[in-house]
Each structure stands twice: as C-alpha cells, then as structure tokens.
Amino acid sequence: MSVAVADIEVFAESLDPKRAAEIFKEHGCLVVRGLMKPYLAEIQMDVAATVERAIELLPEAKEVPGIGWSTPDGTLWLPAPPNYPRDKQIMVLGLRYNTSSAFFRSAFEPKLLDIVENILGPDIELFLDGQSLYKEPVGGHPKHLHQDSAYFEHRYDGPVAALNYAVDTNLQNGALYVVPGSHRMGQLKHIDTFSHLGLDPDEWPWEKALPIEGSAGDSIFFHYKCIHGSQENHSNAPRPVFIHRYRRPDDYVTIGAATTAAREDAEKHAAEAKKQNQMGIMARGFRKYEGGI
Ligand SMILES: O=C(O)CCC(=O)C(=O)O
C-alpha cells in the first residue's frame with residue numbers, strides 16, 4: 001500500500017499525542033504541522049547570525065579527512081558547486097543548544113515531548129546538542145537517502161528525530177523525503193557519497209521516497225532506521241532545518257561513523273560500547289542510577 005502525506009500528518013493545534021505516536025510507530029515517520037511556530041522568529045535570527053559568523057571564520061577552516069572542513073564554531077563545510085563565490089558550502093551549521101537559547105527551549109516544547117513520551121516512554125534524554133542542516137541557495141548540497149542508524153547505531157530503540165523546517169520548504173528548495181515503513185527493514189548497507197554515508201542511489205532512487213513539503217515551523221519526526229534525505233536547494237534563498245533527537249535514558253551509541261571505513265572499524269568495537277560518557281540532558285522524567293555521573 002502506498003502511503004500519502006495525509007496518512008502521516010497531524011496538526012499541532014488539535015494534537016492527540018497518542019494518535020501521533022501510533023502513526024510514528026506504524027510508519028516510522030510523522031508530520032506535525034505548526035509545532036515549532038512559537039520558536040521560529042528567534043531561531044531564524046540565530047541561524048542568520050550563525051551563518052554570518054561561520055563565513056567570517058572560513059579562513060580558519062581545518063580539513064576533516066573524508067568529510068570536508070570544519071570552522072572553529074563547529075560549522076561543517078563541503079566543496080561548493082563551481083558557480084559559488086566561495087570554494088566551500090555550509091552543510092551543518094554551528095547552531096546548537098549551547099549557542100541558541102531558542103533552539104534549546106524548543107527542544108522542551110510540551111506538545112513535542114508529549115508525542116515523544118508516547119513513543120519512548122516517560123523518561124526521555126536528549127541525544128546530541130541539537131543540529132542544524134543548511135542548504136545554501138542555488139545548488140546547496142543534497143543529503144542522499146540514508147538511515148541515521150548508519151551514523152549512530154544504538155543498543156536499544158535508537159533516537160527519535162524531530163526535524164523542523166525553519167523556512168517554507170518545497171520540492172525546489174529541498175523538501176525532506178521519507179520512506180514510510182522502512183524503519184522495519186533493519187540496518188541497510190550504506191556507501192560513501194558526496195554527503196557522507198548514503199544508500200546506493202541505483203537501489204534507492206528518489207522515486208521510492210515520499211516528499212514532505214511544508215511551512216516554516218512544521219516538524220517531521222522519524223525513526224532512526226527510517227530512510228530519509230533531501231535534494232539540492234535550487235531556490236535563491238537558504239534552506240535551514242533544525243533537528244532535535246531524543247532517546248531512552250539507558251540507550252547508547254554502539255557504532256558511530258560518517259564513512260564506510262570508519263564504520264567498518266567501529267563495528268569491531270561495538271560490543272565494548274557503554275552508556276557511560278553518553279548521558280544527555282533529561283528532557284522529561286528521571287534517570288535511574290546505573291553508575292557513573
Ligand atoms: O533535509 C536535510 O537537511 C537532511 C536531514 C537529514 O537527512 C538528517 O538529519 O539525517
């Protein structure tokens with residue numbers, strides 16, 4: 001059965017978190033219209049300020065082998081297309097919970113956490129520090145279809161991601177594509193692509209995925225094994241998203257990598273991975289003491 005956007009879509013203003021969680025569990029993805037609207041204006045300002053700073057820091061960029069370049073603010077850069085005024089384009093912006101209070105506050109949005117609680121249970125930990133992917137205008141990088149579990153495989157259920165549009169997002173500027181039901185396919189083999197680990201495009205062309213167009217403030221939740229990605233930004237304006245990730249407080253990364261070589265190496269040490277040193281901020285509930293601080 002092919003799934004349409006309407007089958008995975010709910011609205012923040014009339015939210016039933018149980019129903020939203022049921023959609024997520026069935027399809028591995030969920031669209032919540034308007035969920036991040038209250039935080040948008042501030043986050044948009046912080047995105048713009050972060051871009052300005054990142055560009056100023058570009059002369060200090062250091063190469064990250066096999067990945068791209070990183071500026072001291074934590075912005076990650078890829079090679080730019082030939083038509084750019086610079087030789088590098090932004091991929092991941094140095095915008096995080098420790099740089100933007102609006103971004104941090106938005107991670108605790110009660111309606112968002114009500115949905116996550118119905119998926120993961122009452123105790124919820126933030127995974128990572130918030131992430132902002134940024135597609136520059138006129139050719140900004142594609143993110144090939146992939147499973148996030150290729151980058152961070154977990155011991156238990158893995159993180160639930162909530163990716164939020166910071167601007168109106170459509171087929172021209174890089175809508176997120178999802179493959180409903182793919183969270184049940186297990187861990188798929190990824191290859192190295194321009195945007196790091198991705199599925200082989202011959203096996204996983206965009207036609208197999210469902211594009212989600214949306215307004216600024218719309219949120220797309222996805223399971224960490226749900227296949228997703230986005231094409232280039234062909235518009236004249238930037239296309240940023242900001243992403244929250246949540247997991248059970250006892251869950252932890254067993255394999256972390258961004259290239260096939262790093263993944264092969266990390267797979268050898270998966271059995272030794274521990275929760276210790278991976279404790280995130282509690283977004284809801286309480287952490288049972290299991291040793292360590
Ligand atoms: O649409 C994007 O910017 C890509 C997001 C994504 O693929 C991810 O967060 O894993």
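So, the ligand: around it sit L133, K143, D148, L163, L176, H228, G229, S230, V241 and I243, where a residue counts as near when its C-beta atom, placed from the backbone, lies within 6 Å of the molecule. Two elements give two or more residues to that shell, β17 (228-230) and β18 (239-247). The largest share, three residues, comes from β17. Strands here are DSSP runs of E, at least two residues, helices are runs of H or I, at least four, and both are numbered from the N terminus.

By chemistry, the shell holds five nonpolar, three polar and two charged residues. For that split, Ala, Val, Leu, Ile, Met, Phe, Trp, Tyr, Cys and Pro are nonpolar, Asp, Glu, Lys and Arg are charged, and the others, Gly among them, are polar.

A quick word on what you're looking at: this is a predicted model, local features need pLDDT of at least 70, side-chain atom pairs count only at pLDDT 80 or more, and totals for chains, interfaces and linings use all residues. Residues are numbered from 1 along each chain as its sequence is written.

Now to strand β2, residues 29-33. Four of its five residues are buried, meaning 20 or more other C-beta atoms within 10 Å of their own, again placed from the backbone. β2 pairs with β1 (residues 9-11) in the parallel sense over three bridges, and pairing takes at least two DSSP bridges. Within that pair, V10 has V32 as its bridge partner. β2 also runs antiparallel to β16 (residues 219-223), joined by four bridges; there, V31 partners I220.

How values were computed: Buried ≥ 20, exposed ≤ 12 C-beta atoms within 10 Å, placed from the backbone.
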